[in-house]
Every structure is written in C-alpha cells, then in structure tokens.
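Subject: Handing over a structure

Dear colleague,

I am passing on the structure below, together with some notes on what was found in it. Please look through the sequence and the 3D view before you read on.

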Amino acid sequence: MILRMMLLLGMLLMLQGCVLTKLVSVPMRVTGAVVSIVPGVGNSIHDGIDSAAEVVDDVPI
C-alpha cells in the first residue's frame, strides 16, 4: 500500500510543469517536421505547428 502511494506520488511529481507540456509539444513538433517534406505548403504548415508548440511550452502549469 505504501509502495503504491509512493509510486503514485512520484508519477505526479514527474507530470508537473515542463514534462507535461513536453508530452504535448514534442509530438506536435515531430508532426510539423514530417509535414515540412510536402512540397509547396509544407514549410508554412510546419511554421504554424511550431508556433503552436511554442505556445504550449509557455503554458504556466
């Protein structure tokens, strides 16, 4: 019982602040990098996704 509580507390501490926003923004950035391969519109889509990921990184959690 105590081990489970310690494990839960440790997981909650890991999901605060920067780690939580990185869980959201890293897949966004990877998707933007993959989309940037598309000729013509890829770079503009990548820039939009990258700016949205920067906003997610700046969320004060």
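A patch, as the word is used here, is made of residues with over 30% relative accessible area and no salt bridge, and nonpolar side chains are joined into one when they lie within 5 Å. On that basis L7, L8 and M11 make a nonpolar surface patch of about 310 Å². L8, which lies in helix α1, spanning residues 2-14, has a relative accessibility of 48%, and because partly exposed covers the range between 20% and 50%, L8 counts as partly exposed.

Please keep in mind throughout that this is a predicted model. The pLDDT of the protein averages 81, and 84% of the residues score at least 70. Confidence is lowest in α1, where the mean is 77, and highest in α3, where the mean is 87. As a general caution, where pLDDT is low, the predicted coordinates should not be read in detail.

As for the overall build, the protein has three helices and zero strands, so that its elements, read from the N terminus on, run α-α-α. Of its 61 residues, 10% count as buried, while the accessible surface comes to about 4,800 Å², with 76% of that surface belonging to carbon and sulfur atoms.

Turning to the charged side chains, a search of the whole structure finds one salt bridge. This salt bridge is formed by D50 and R29, whose closest N and O atoms are 2.4 Å apart. The pair links distant parts of the chain, since D50 is in helix α3 and R29 is in helix α2 (residues 18-35), with their positions 21 residues apart in the sequence. How accessible are the two partners, D50 and R29? D50 counts as partly exposed because its relative accessibility is 23%, and R29 is likewise partly exposed, with a relative accessible area of 28%.

Helix α3, which covers residues 42-57, also holds V56. Which residues does V56 contact, once its neighbours within four places in sequence are left aside? They are T21, V24, S25 and M28. In addition, the C-alpha atoms of V56 and K22 are separated by 8.4 Å, although these two residues are 34 residues apart along the chain.

With kind regards

How values were computed
Residues are numbered from 1 along each chain as its sequence is written. This is a predicted model: local features need pLDDT of at least 70, side-chain atom pairs count only at pLDDT 80 or more; totals for chains, interfaces and linings use all residues. Side-chain values use heavy atoms; hydrogens and water are left out. Helices (H or I, at least four residues) and strands (E, at least two) are DSSP runs, numbered from the N terminus. Contact means heavy atoms within 4.5 Å. Buried means under 20% relative accessible area, exposed over 50%, partly exposed in between (1.4 Å probe, protein chains only). Accessible areas come from the Shrake-Rupley method with a 1.4 Å probe; for residues, only the protein chains shown count as cover. Patches are made of residues with over 30% relative accessible area and no salt bridge: like charges are joined within 9 Å, nonpolar side chains (Val, Leu, Ile, Met, Phe, Trp, Tyr) within 5 Å. A salt bridge is a side-chain nitrogen of Lys or Arg within 4 Å of a carboxyl oxygen of Asp or Glu. pLDDT is the predictor's confidence in each residue, from 0 to 100.
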